[in-house]
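Visitor: I am new to this one. Please take a close look at a single part, the core and the packing of its elements, and go through it step by step.

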Amino acid sequence: MNSSPRRLIVGITGASGAIYGVRLLRLLHPTDIETHLVISRSARIALTQELDISIADVSGLADVVHQIDNIGATISSGSFRTLGMVVAPCSMRSLSEIVTGVTSSLLTRAADVVLKERRRLVLMVREAPLHLGHLRSMTAATEMGAIVYPPVPAFYARPESLEQMVDHTLGRVLDLFDIETTAVSRWGGLNSNKNTDS
């Protein structure tokens, strides 16, 4: 009997931080994970402003690309089995749609499906400063079973580049799906040479 492929949905919204979605696809490329990509209209603008990469090149990193208006896509149904979904980055608008269940696109519909099927949904919420409405939406998402994962860098890993910083964060996100990559610098305890009291 053939087992179904391990699939992960990757959503990219228009919040600043398109690099997170693109690098996530790059990290997943050499793995056995089948990636399903959906990009919001706003993300298409952000991608071209923030990165030197075309939409076609981003799409080429995914196994399957779904159009934002295709509500009949496979990822809009709970019967299509996936490991879950990462929204990287996640705008506050998308977060609000997901929390209320009033979805206006395939991206937020797919996230809604992941929640209703009790699969893992990771929202890399990207905004600062946060007002009470943002915080309440993040609380509601957490109460519904999502994981709110703001892209906060881990400086103990001593990243030497922006890519290393981004990849370490994404490696930790993929840990939540038990997807192993070489992107994470694992904590090995305090370095006694650097932790001396004078």
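Guide: An axis here is a line fitted to C-alpha atoms, for a helix over the stretch in contact, and an angle is taken between N-to-C directions, from 0 to 180 degrees. The model is a predicted one.

Take helix α4 (residues 92-100) and helix α6 (residues 132-143): their axes are 9 Å apart, at an angle of about 45 degrees. The two helices are therefore oblique to each other, and their crossing is left-handed. On the α4 side, the contact is made by Met 92, Leu 95, Ser 96 and Val 99; α6 brings His 134, Ser 137, Met 138, Ala 140 and Ala 141. Sorted by class, the contact of α4 with α6 holds 6 nonpolar and 3 polar residues, and no charged ones.

Another helix pair is α1 (residues 18-28) with α7, packed at about 70 degrees with axes 9 Å apart. At that angle α1 and α7 are therefore roughly perpendicular, and the crossing is right-handed. From α1 come Ile 19, Tyr 20, Arg 23, Leu 24, Leu 27 and Leu 28, while the residues from α7 include Leu 162, Glu 163, Val 166 and Asp 167. This contact of α1 with α7 has 9 nonpolar, 2 polar and 3 charged residues.

Next comes the sheet. It is open, with 6 strands in the order β3-β2-β1-β4-β5-β6 and parallel pairing. The edges are β3 (64-66) and β6 (147-148); each has a single partner strand, so one side of each lacks a neighbour in the sheet. Helix α7 (residues 162-175) packs on this sheet, where it touches β1, β4 (84-90) and β5 (120-125), and its direction makes about 160 degrees with that of β5.

Strand β4 is worth following residue by residue. On one side, β4 pairs with β1 in the parallel sense over 4 bridges, and Met 85 of β4 stands opposite Ile 9. With β5, also running parallel, β4 shares 5 bridges; here Val 86 has Val 122 as its bridge partner. Gly 84, Val 86, Ala 88 and Cys 90 point one way from β4, Met 85, Val 87 and Pro 89 point the other way, and all are buried. That makes 7 of the 7 residues buried, so β4 is largely enclosed by the rest of the structure.

Strand β1 (residues 7-12) also pairs with β2 (residues 34-39), in the parallel sense, over 6 bridges. There, Leu 8 has Thr 35 of β2 as its bridge partner.

Notes:
Residues numbered from 1 in each chain as written. Predicted model: local features only at pLDDT ≥ 70, side-chain atom pairs only at ≥ 80, totals over all residues. Heavy atoms only, no water. Pairing = 2+ DSSP bridges. Contact = heavy atoms within 4.5 Å. Parallel < 35°, antiparallel > 145°, perpendicular 65-115°, else oblique. Left-handed = near helix turned anticlockwise from the far one by under 90°. Nonpolar A, V, L, I, M, F, W, Y, C, P; charged D, E, K, R; others polar. Buried < 20%, exposed > 50% of the residue type's maximum accessible area, 1.4 Å probe, protein only.
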